[in-house]
Amino acid sequence: MRSLRFLILIACVGAALGSAAVLAQTERDEIDAKQAELDRIRREIEAHRAQNQKLGSQEKQVLKKLSGIDKDIDLSKGYLKKLAEQEDNIDNQIGDLRVMIGGREIVLTMQEEALGGRLRQMYKRDPKYTWEIFLGAESIDDAITRYQFMKLIAAQDADLIGEFRQSKRALEIETVKLAESLQEVSELRESRAQETAQLERSKRQRQNVLAGIRSEKSKHAKAIEDLEAAQAELQALIDDII
């Protein structure tokens, strides 16, 4: 009878030990599984951090390029402003020259008409003109003097007209040169305006790239945050089991 009880006791102890062994193995398996999951989370965190670091390097490069583009845009806009001022200055000079040329034309017309009148009086074939000169004179010498004086006035008028014509021609030449300079400045300003527009487009493209990089960085940062929270929770479970 005692032998039977002893056998039963041994069987119970064996069963208990077997159950404990199974339970212990189960716990070890659970710990191993959680540890494997923890290792996986750590690897993912490192991968996200590495990617974030790479994106951070790209962000710095894009920011450096954007800074350079901004400087180029500022310089280009400053140059455009100066060119616009230069255009206005030349345009005003051309306007002033055209006014002066118009004034010369008016004076020339008046002088030419006056000279023409004198010449017609001096060289007309009407004999009465000669008598007018002599009858209005106090003496023969006075008549000759008056006639020579009229010839001198006519010659001076002719010289003055020639000078005005030369002056008008010089103004016209200067106007042409200024117009050519204005054309060159306008073409240069248009070319620089196109370059500035290209810089603006390049800036917008870089800004879009930067926005994309920062968006990706934000996603990786959020993933790291979530994974670190999961890591802490899983570590706490492992600590509780152990």
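Is Glu172 buried, partly exposed or exposed in this model? Glu172 is partly exposed, because its relative accessible area is 24% and the buried class ends under 20%. The points below place this residue in its setting.

1. **Nature of the model.** The structure is a predicted model. The chain averages a pLDDT of 78, and 67% of the residues score at least 70. Confidence is highest in helix α3, at a mean of 83, and lowest in helix α2 (residues 128-135), at a mean of 48. Over residues 125-131 the pLDDT is below 50, and beyond near neighbours in sequence this stretch has four contacts in the model. Residues 13-18 also have a pLDDT under 50, and the model shows zero contacts for them beyond four places in sequence.

2. **Overall architecture.** The chain contains three helices and zero strands, and the pattern along the sequence is α-α-α. Helix α1 covers residues 2-123, helix α2 covers residues 128-135, and helix α3 covers residues 140-241.

3. **Contacts across the sequence.** Among the contacts in the chain with a separation of 6 or more, 90% are between residues 24 or more positions apart. Gln58 and Val209 offer an example of distance in sequence set against distance in space: they are 151 residues apart in sequence, while their C-alpha atoms are 9.7 Å apart. Gln58 lies in helix α1. Gln58 is classed as partly exposed because its relative accessible area is 30%.

4. **Burial and surface.** Of the 242 residues of the chain, 21% count as buried. The chain exposes about 17400 Å², and carbon and sulfur atoms supply 55% of that area.

5. **The largest nonpolar core.** In soluble globular proteins, nonpolar side chains tend to be buried together. In this model, the largest nonpolar core has nine residues: Leu83, Ile90, Ile94, Leu97, Ile101, Leu171, Leu178, Leu182 and Val185. Helices α1 and α3 each supply at least two residues of this core. The largest share, five residues, comes from α1. Leu171 illustrates the packing: leaving aside neighbours within four places in sequence, Leu171 is in contact with Leu97, Met100, Ile101 and Arg104. Another core lies apart from the largest one and has eight residues, among them Ile31, Leu38, Ile41 and Ile45.

6. **A buried histidine.** Which residues does His220 touch, not counting residues up to four places away in sequence? They are His48, Gln51, Asn52 and Leu55. His220 is found in helix α3. His220 counts as buried because its relative accessibility is 14%, which is under the 20% limit.

7. **The salt bridge of Glu172.** Side chains of opposite charge can pair when their charged atoms come close. The side chains of Glu172 and Arg169 meet in a salt bridge, at 3.7 Å from N to O. Both residues lie in helix α3, three residues apart, which is about one turn of the helix. As stated at the outset, Glu172 is partly exposed.

8. **A salt bridge between Arg192 and Glu195.** The closest N and O atoms of Arg192 and Glu195 are 3.1 Å apart, and the two residues form a salt bridge. Why are Arg192 and Glu195 separated by about one helical turn? The reason is that they are three residues apart in helix α3. Arg192 is partly exposed, with a relative accessible area of 24%, and Glu195 is partly exposed, with a relative accessible area of 41%.

9. **Salt bridges in α1 and the total.** Arg49 and Glu46 form a salt bridge whose closest N and O atoms are 3.4 Å apart. Both lie in helix α1, three residues apart, about one turn of the helix. Arg49 is partly exposed, with a relative accessible area of 38%, and Glu46 is partly exposed, with a relative accessible area of 47%. How many salt bridges are counted? The count comes to 14 salt bridges.

How values were computed
Residues numbered from 1 in each chain as written. Predicted model: local features only at pLDDT ≥ 70, side-chain atom pairs only at ≥ 80, totals over all residues. Heavy atoms only, no water. Helix = DSSP H or I, 4+ residues; strand = E, 2+ residues; numbered from the N terminus. Buried < 20%, exposed > 50% of the residue type's maximum accessible area, 1.4 Å probe, protein only. Contact = heavy atoms within 4.5 Å. Salt bridge = Lys/Arg side-chain N within 4 Å of Asp/Glu carboxyl O. Areas by Shrake-Rupley, 256 points an atom, 1.4 Å probe, with all protein chains shown as cover. pLDDT = per-residue confidence, 0-100. Core = buried A, V, L, I, M, F, W, Y, C linked by side-chain atoms within 4.5 Å.
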